[in-house]
Amino acid sequence: MKKWVVLLFSVLLVVTSAVGCSSDAGQKSQEGSSSGSAKVSISFWTLNTGWAWLQSAVEDFEKANPDIDVELTQYEVDPFKENLKVAASSKTLPDMWFTWGGTLGSFYPENGMTMDLTQVAQDHKWSEKYNQTAIDMSTYDGKISGIPLHLNVLGMWYPKELYQKLNLQAPSTFAEFESQLQTLKDNGVTPLAFGSKGGWHTMRLTEQLLEHFAGPELHDKLNNLEASWNDPAVVKTFEKIKEYTDKGYFPMGYSSLDPSEAEMLFYQQSGAIINEGTWFDGNITENGFDPAQFDVFKFPTEQTPARASVFVEMLQLNGASDPAKQEAALKLGEYLTSVEVVNKFIDDYGSPATLGFTVSDKTPHVQPLLDSAKDGGFLITDQALPQEVVQKLFEAQDKVALNEWTPQQAAENMENAVSSYKSKQK
């Protein structure tokens, strides 16, 4: 309860600040701007990590659009998710916000909180501007709910120098992958630089193990809630999480370790492998390292097709904002995803959903990762599953690691969570 009150108070502070700014904007609008139009103030929430380019882009936008004032608020990943939840429940969402696809992004249109962009997409010829897969993954119930921002593909990253020192190469089979984990451990290196605080970081490995043991068809059925999670493939997946924990392949105490702390282990080469995506070149640069010092391999699931974990990121607009704010937010969103802006900030932008962008020499792993998804992809688990089921998966990972649940009990609890969710939908 205390956490909820603190979060709500923080959101109210943001909203109060926004109201104050809006009042100032209203006073300015009475005076008129230099162009004679009313000043429109819009609120925009997004992440901070991996967004070094955003402040400059927003400033450029404001210079080009003196009648629009952008109130930018940025958060770390988990506080961002929490603040969005609180804002949604209190009907204090900003005029535009960043979100992921799948069940994370679908929550807002499903509850009538977003602006339907279907007609806008047609009128503004989005099919000529954005990757169609990204548009499709931003669509729910036939309606486009967000402006496509990033199309992300995940892979297994490792330090080149460390691998060369130990005479290791990117593994091509699951057996080779596991052999490398032991080799790394034997040489005093924590093999897997994962932090399970929040659940989603370890989940990226869990889903790859599930793809390996279940195969594409069953994996998709599990994510679509069309097959029982009390399945041998699920049990084997949790058995591997327990095995890797018991063997010390994860950092000590990783169940409560923040992903950002695990990332530091990776940079220091005291942790060897981390599962990150097309945005990670930017993270590496932001932390003062050279992306060329690292490389990436596709997790060897040994399945056909050899699929990668993929997801879209988008900008959603508040369906309850007044039309002037919606128009201004839409203008900002399309500006931030335009090929001109993408190319200007391509070194830090990540993996654009925009068509026609120029790959940067400073992001050498974007194209290889995009290429790794040519054989197909599966939607990342925390976007594919309903969020209450996702939370049970996070709990199961931790309880298996802490020896509170056996792998069999974890699978049973996952199936119970699915059954509970389905019963609520009837």
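**Reading a predicted model: how each label is earned**

Helix α9, which covers residues 200-223, has 24 residues, yet its end C-alpha atoms are only 15 Å apart, short of the 34 Å that a straight helix would reach at 1.5 Å a residue. The model discussed here is a predicted one.

Q: What makes α9 a bent helix, and where is the bend?
A: The helix changes direction by about 115 degrees at G215, and a proline, P216, follows within four residues. The span between the end C-alpha atoms of α9 is 15 Å, against the 34 Å of a straight helix.

Q: How do you know whether α9 is mostly covered or mostly open?
A: A residue is called buried when its relative accessible area is under 20%, and 19 of the 24 residues in α9 are buried, so the helix is described as mostly covered.

Q: What is found just after α9?
A: Just after this helix, L225 takes a positive phi of about 60 degrees.

Q: Why is the pair E178 and K240 called a salt bridge?
A: The label requires a side-chain nitrogen of Lys or Arg within 4 Å of a carboxyl oxygen of Asp or Glu; the closest N and O atoms of E178 and K240 are 2.9 Å apart, and therefore the pair qualifies. This pair links distant parts of the chain, since E178 belongs to helix α8 (residues 174-186) and K240 to helix α10 (residues 232-246), 62 residues apart. Both E178 and K240 are buried, and they belong to a network of salt bridges that also includes E243 and K247. A search of the whole structure finds 15 salt bridges.

Q: What makes D246 and K242 a salt bridge, and where do they lie?
A: Their side chains meet at 3.0 Å, N to O, which is within 4 Å, so the pair meets the requirement. D246 and K242 both lie in helix α10, four residues apart, about one turn of the helix.

Q: Why is K242 called partly exposed?
A: Its relative accessible area is 24%, and because the partly exposed class lies between 20% and 50%, K242 falls into it.

Q: How do you know that K424 and E388 form a salt bridge, and which parts does the pair tie together?
A: The N to O distance between their side chains is 3.5 Å, within the 4 Å cut-off, so the name applies. K424 lies in helix α19 (residues 407-425) and E388 in helix α18 (residues 387-401), so the pair ties together parts that are 36 residues apart in sequence.

Q: Why do K424 and E388 receive their accessibility labels?
A: K424 has 54% relative accessibility, and because exposed means over 50%, K424 counts as exposed. E388 has a relative accessible area of 36%, which lies between the two limits, so E388 is partly exposed.

Q: Why is H150 called buried, and in which strand is it placed?
A: H150 sits in strand β6, residues 147-159, and because its relative accessibility of 5% is under 20%, H150 counts as buried.

Q: What makes the pairing of H150 and E313 a polar contact?
A: A polar contact needs N or O atoms within 3.5 Å, one able to donate a hydrogen and the other to accept it; the side chains of H150 and E313 are joined by such a contact at 2.7 Å. H150 and E313 are 163 residues apart in sequence and 5.0 Å apart in space, C-alpha to C-alpha. The side chain of H150 also reaches the backbone oxygen of Y349 at 2.7 Å.

Q: What makes K91 and N403 stand out, and how exposed are they?
A: Most residues other than glycine have a negative phi. K91, however, has a positive phi of about 55 degrees although it is not a glycine, and N403 has one of about 60 degrees. K91 lies in the loop between α3 (77-89) and β3 (96-100), while N403 lies in the loop between α18 and α19. Because exposed means over 50%, K91 at 78% counts as exposed, and so does N403 at 52%.

Q: Why should residues 1-35 be read with care?
A: Over residues 1-35, pLDDT stays under 50. Where pLDDT is low, the predicted coordinates should not be read in detail. The chain averages a pLDDT of 91, and 91% of the residues score at least 70.

Key
Residues numbered from 1 in each chain as written. Predicted model: local features only at pLDDT ≥ 70, side-chain atom pairs only at ≥ 80, totals over all residues. Heavy atoms only, no water. Helix = DSSP H or I, 4+ residues; strand = E, 2+ residues; numbered from the N terminus. Expected span 1.5 Å × (residues − 1). Bend = angle between axes of the 7 residues up to and from the residue. Buried < 20%, exposed > 50% of the residue type's maximum accessible area, 1.4 Å probe, protein only. pLDDT = per-residue confidence, 0-100. Contact = heavy atoms within 4.5 Å.
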